[in-house]
Amino acid sequence: MSDTMWPLWEVFVRSAHGLAHKHVGSLHAPDAEMALLNARDVYTRRNEGVSLWVVRSSDIVAAEPDTPEKAFRYPTYFHVPEGVKHL
Amino acid sequence: MYTQLVQPDDPSGEGGPEAAGFEDKIDRGVTIEPTDWMPAAYRKTLLRQISQHAHSEIVGMLPEANWLTRAPSLERKLILLAKVQDEGGHGLYLYSAAETLGTSRDEMIDALLERRAKYSSIFNYPTLTWADVGAIGWLVDGAAIINQIPLTQCSYGPYARAMRRICKEESFHQRQGYDVMVTLMHGTPEQRAMAQDALDRWWWPSVMMFGPPDSDSPNSEQSMRWKIKLFSNDALRQKFVDQTAPQADAIGLVIPDPELRWNAAREHYDFGTPDWNEFYEVIRGNGPCNRERLAARRAAHDDGAWVRDAALAYECKHGVGA
């Protein structure tokens, strides 16, 4: 009964002008055009977005960064002398 | 939702350093993601739970679809179409979440069609009148919301994220159902009787949706420790009754339970015991519509095969992968 599986696509939606695309989920589709059509139906039924991206899941390269905390990268790390403004 | 292959199932057994890390994440409320180590039993339990949930969304389209062509107005038809389409979407979100556990969509669908996987018992009841569409939205989707809101905080990331999307859409389903009931209760005596009849038939199956009593729910404790179940069946059931009883009252519907009454000391409604034999019979495949539902799913799957084949053939001929 099993079918030959369609590839998996990751779906990204930009919810409004000026915002970045955000990952919303995934779906199976045989090609990019059908992936876009399915993404429209599955992930934007309520005007959730102004722009859609679909990317083959197998084309995404991922890692989990394991960098040490560098507190000095944040402005609050530095003590500002009493009375000093606009810093 | 994730591209990396899931890790092979914990060959080290349950006691290694990965297990301690897993338990620590659960305790600290850090979500478990697909590439993280997880105990085989956690993976298996989640896969069963999420895939059953996905199957329920898909099979759940059938009872309501029965009324699509006979909705009483064009507006009701559009609303019901949108609702049924949402259910299909919910099924897809959930299949995607389940796939991150390392089982393919095809395997899950085969398991449903071959009766190796289950779906919610409620969808094995027939929709005899238009009022049933109201009762399903109000009661069945209402019960689903109570079940699902806690799951937006469950320990498995892809499941929690899918539940957040679903819960956002679910309240539309409940409201439209209640609105059907409100409209009927403002109608003719026949329409009011139809609404009451639908409540009479859907009440107990809805109460049973939360699963067997805690005393007969052996797997619950482990699932609660893993935070893939956050409240007990009986606690959720109580919440459903407390929430729904006043909604029935407000529009003049009578819940078919002679034992139902407000208990001021407990600050909860007391209510009767469902017929658990009926529940187990339906689960075993002997409900009013079990055969019909699976036959409809099989027919849809088989009748759609040529579309899947054609799309794949087109991609092989023209696609980038050719």
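Start by selecting both chains of this predicted model and displaying the contact between them, to which chain B contributes 28 residues and chain A contributes 26 residues. On being put together, chain B and chain A bury about 2,400 Å² between them, and carbon and sulfur atoms give 51% of that area. Four salt bridges are counted between chain B and chain A.

To look at one example of a charged pair, select A:Arg45 together with B:Glu169, which form a salt bridge in which the closest N and O atoms are 2.9 Å apart. Then add A:Arg46 and B:Asp86 to the selection, since these two residues, with A:Arg45 and B:Glu169, are linked in a network of salt bridges.

Stay with chain A and move to A:Asn47, which is found in the loop between helix H1 (32-43) and S3 of that chain. The phi angle of A:Asn47 is near 50°, which is a positive value in a residue other than glycine. Is A:Asn47 buried or exposed? With a relative accessible area of 73%, A:Asn47 is exposed.

Next, follow chain A to A:Phe72, in the segment after strand S3 (51-56), and select A:Tyr77 and A:Phe78 along with it. A:Phe72, A:Tyr77 and A:Phe78 form a nonpolar patch on the surface, and together they have about 360 Å² of accessible area. A:Phe72 itself counts as partly exposed, because its relative accessibility is 47% and that class lies between the limits of 20% and 50%.

Now turn to chain B and select B:Trp130, B:Leu139, B:Met181, B:Trp202, B:Trp203, B:Phe240 and B:Leu253, which touch the most other members of the largest nonpolar core, a set of 48 residues. Six helices of chain B, namely H4 (74-99), H6 (130-151), H7 (157-185), H8 (189-208), H10 (233-250) and H11 (276-286), each supply at least two residues of this core. Helix H6 of chain B gives the most to this core, with 10 residues.

Which residues is B:Leu139 in contact with, once its neighbours within four places in sequence are left aside? Showing B:Leu199, B:Trp202, B:Trp203, B:Ser206, B:Phe240 and B:Thr244 around B:Leu139 brings these contacts into view. Apart from the largest core lies another core, of 42 residues, and among its members are A:Leu27, A:Val54, B:Tyr42 and B:Ala160.

The tour continues with salt bridges inside chain B; over all chains, the count comes to 21 salt bridges. Select B:Lys25 and B:Asp36, whose side chains meet in a salt bridge at 3.3 Å, N to O. B:Lys25 lies in helix H1 (residues 17-28) of chain B, while B:Asp36 lies in the loop between H1 and helix H2 (40-59), so the pair ties together parts that are 11 residues apart in sequence. The two partners can also be compared by their cover: B:Lys25 is partly exposed, with a relative accessible area of 25%, whereas B:Asp36 is buried, with a relative accessible area of 12%.

Go on to B:Asp132 and B:Arg201, which form a salt bridge with their closest N and O atoms 2.7 Å apart. This pair links distant parts of the chain, B:Asp132 being in helix H6 and B:Arg201 in helix H8 of chain B, 69 residues apart. B:Asp132 is buried, with a relative accessible area of 0%, and B:Arg201 is partly exposed, with a relative accessible area of 25%.

Keep B:Arg201 selected and add B:Asp197, with which B:Arg201 forms a salt bridge whose closest N and O atoms are 3.0 Å apart. B:Arg201 and B:Asp197 both lie in helix H8 of chain B, four residues apart, which is about one turn of the helix. B:Asp197 is partly exposed, with a relative accessible area of 32%.

For the last stop, select B:Glu267, whose place is in the loop between strand S1 (261-263) and strand S2 (268-270) of chain B. Although B:Glu267 is not a glycine, it has a positive phi of about 60°. At 56% relative accessibility, B:Glu267 counts as exposed.

Definitions and conventions
Residues are numbered from 1 along each chain as its sequence is written. Chains are lettered from A and ligands numbered from 1 in the order in which they are written. This is a predicted model: local features need pLDDT of at least 70, side-chain atom pairs count only at pLDDT 80 or more; totals for chains, interfaces and linings use all residues. Side-chain values use heavy atoms; hydrogens and water are left out. Patches are made of residues with over 30% relative accessible area and no salt bridge: like charges are joined within 9 Å, nonpolar side chains (Val, Leu, Ile, Met, Phe, Trp, Tyr) within 5 Å. Accessible areas come from the Shrake-Rupley method with a 1.4 Å probe; for residues, only the protein chains shown count as cover. Buried means under 20% relative accessible area, exposed over 50%, partly exposed in between (1.4 Å probe, protein chains only). A nonpolar core is a set of buried Ala, Val, Leu, Ile, Met, Phe, Trp, Tyr and Cys residues joined through side-chain atoms within 4.5 Å. Contact means heavy atoms within 4.5 Å. Buried area is the accessible area (1.4 Å probe) that two parts lose on being put together, summed over both.
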